[in-house]
Amino acid sequence: MATTAFSVADTCAAAKRASRTLATVSSAVKDAALEAIAATIEEHTGQILDANVRDLEAASDGDYSSAFLDKLRLDEARVASMAAGVRKIVSLPDPVGEVIDGRRLANGLDVRKVRVPLGVVAVVYEARPNVTIDATALCLKSGNAVVLRGSSAAARSNAVLAQLACSAASAAGLPEDAISLLQGGREDIAELATQNGTVDLIVPRGGEGLKASLKGVATVPVIYAASGNCHVYVDASADLDAAQAIVLNAKLQRPGVCNAAETLLVHSRVAGSLLPGLLRALSEAGVTLHGDDRARAAAAGVPIDAASEEDWDTEYLALELAVGVVDSVEEAIDHINAHGSGHSEAILTHETDAARAFELGVDAACVYVNASTRFTDGGEFGMGAEIGNSTQKLHARGPIGVRELCTFKYLVEGAGHVRP
């Protein structure tokens with residue numbers, strides 16, 4: 001496993017060489033390596049947690065939010081979940097070699113469009129040690145070498161996890177340089193982002209500052225795992241009991257993640273019935289509320305600040321929520337398209353026309369009808385895990401799983417064909 005003892009350029013060059021071998025490795029060998037990684041994680045849970053405790057102790061002296069610390073923290077259940085996620089990826093079909101399309105041309109040439117690995121995928125991430133394993137498993141399954149660049153806050157956790165994964169994968173027959181971990185300063189990120197010819201894709205997973213720093217320097221293709229300013233819209237026909245349960249789940253189940261709801265929109269016809277009880281439940285759960293004039297009027301004494309224009313554009317990643325009242329599904333769609341980040345949006349309704357209008361009109365990677373936004377996740381989508389959630393429209397959108405880490409090539413077979 002490459003570490004900071006090697007330069008960024010040397011690490012990426014070694015990963016490129018490993019990727020050429022990985023592209024030809026059988027599904028059985030890759031799956032055996034992943035199973036070995038899962039077993040090793042389970043066997044070394046204590047070692048992983050000890051490293052994580054040291055990271056948390058160091059981070060407690062820094063200026064980190066509670067949401068950041070929650071992402072950094074590991075426990076036995078989260079370590080077990082990492083191993084389970086790897087095994088889910090083992091169970092997935094191998095995307096490499098999958099025939100996307102195929103046909104015989106009129107001239108007799110046989111053309112197949114076949115899925116192939118990208119090559120070297122670099123993942124730059126903050127806080128979450130689980131990304132070390134998720135990204136490694138997804139990249140290996142899709143035949144890619146992975147270069148990991150975690151944050152200094154999780155340095156000990158990431159180092160242990162990457163070393164365990166590399167040792168297990170190498171023993172199972174994969175190239176040692178298929179998994180590399182870089183741990184340096186911001187200058188290393190800039191250097192990584194300019195490794196043309198060796199790095200085929202960078203996926204940043206972190207705050208807007210990280211993404212902005214890459215946008216300014218990257219010459220390698222980037223898929224941005226974007227922020228989640230997510231909305232839940234309660235339409236006039238919604239089941240209000242179900243609506244309350246869904247809103248509470250979307251906001252409270254894990255508020256510091258990108259698929260948590262940040263804005264609640266309610267149709268004016270049900271605002272008076274829904275908002276008093278729902279806002280009280282949110283407030284009692286510790287949520288700071290910001291509302292427009294009509295939401296505040298319907299709050300029935302629940303504390304709710306006046307929402308500013310900035311509130312509609314904010315991804316709180318905390319126990320805060322903006323609340324607005326609208327007069328139609330079209331108004332809700334317009335609000336979401338003006339303020340949302342294109343991540344995950346939900347409508348709660350029993351009207352087919354309203355649901356259809358929302359599905360077609362909202363510009364987002366994931367659009368839900370009568371369900372919480374918290375389901376936007378590679379594991380929940382049956383993808384085993386994800387490297388991130390893309391809000392871009394080219395190459396990959398939504399959870400980035402094994403298929404999204406592949407490109408394709410055309411295989412053309414003839415019988416002495418020449419072009420006339």
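1. Two strands are taken to pair if DSSP finds at least two bridges between them. With that in mind, V116 stands opposite T407 in strand 16, and this note, which concerns a predicted model, starts from the sheet that contains strand 16.

2. Three strands make up this open sheet, in which the order is 1-2-16 and the pairing is antiparallel. Strand 1 (99-104) and strand 16 (406-413) stand at its edges with a single partner strand each, so that one side of each is left without a neighbour in the sheet. On average, and with direction ignored, neighbouring strands here are turned by 20° against each other.

3. Within the antiparallel sheet, strand 2, which covers residues 110-117, pairs with strand 16 over 8 bridges.

4. A further open sheet is formed by 4 strands with parallel pairing, and their order is 5-4-3-6. Its edge strands are strand 5 (179-182) and strand 6 (201-205), each of which pairs on one side only. For this sheet too, the average turn between neighbouring strands is 20°, direction ignored.

5. Strand 3, residues 120-125, is joined to strand 6 by 5 bridges in the parallel sense, and Y125 has R205 in strand 6 as its bridge partner.

6. Two helices deserve mention alongside the parallel sheet. Helix 6 (residues 130-141) packs on the sheet and touches strand 3, strand 4 (145-149), strand 5 and strand 6, while its direction makes about 165° with that of strand 4. Helix 7 (residues 155-171) also packs on the sheet, where it touches strand 3, strand 4 and strand 5, and its direction makes about 160° with that of strand 5.

Note on methods. Residues are numbered from 1 along each chain as its sequence is written. This is a predicted model: local features need pLDDT of at least 70, side-chain atom pairs count only at pLDDT 80 or more; totals for chains, interfaces and linings use all residues. Side-chain values use heavy atoms; hydrogens and water are left out. Axes are lines fitted to C-alpha atoms, for helices over the stretch in contact, and angles run from 0 to 180 degrees between N-to-C directions. Contact means heavy atoms within 4.5 Å.
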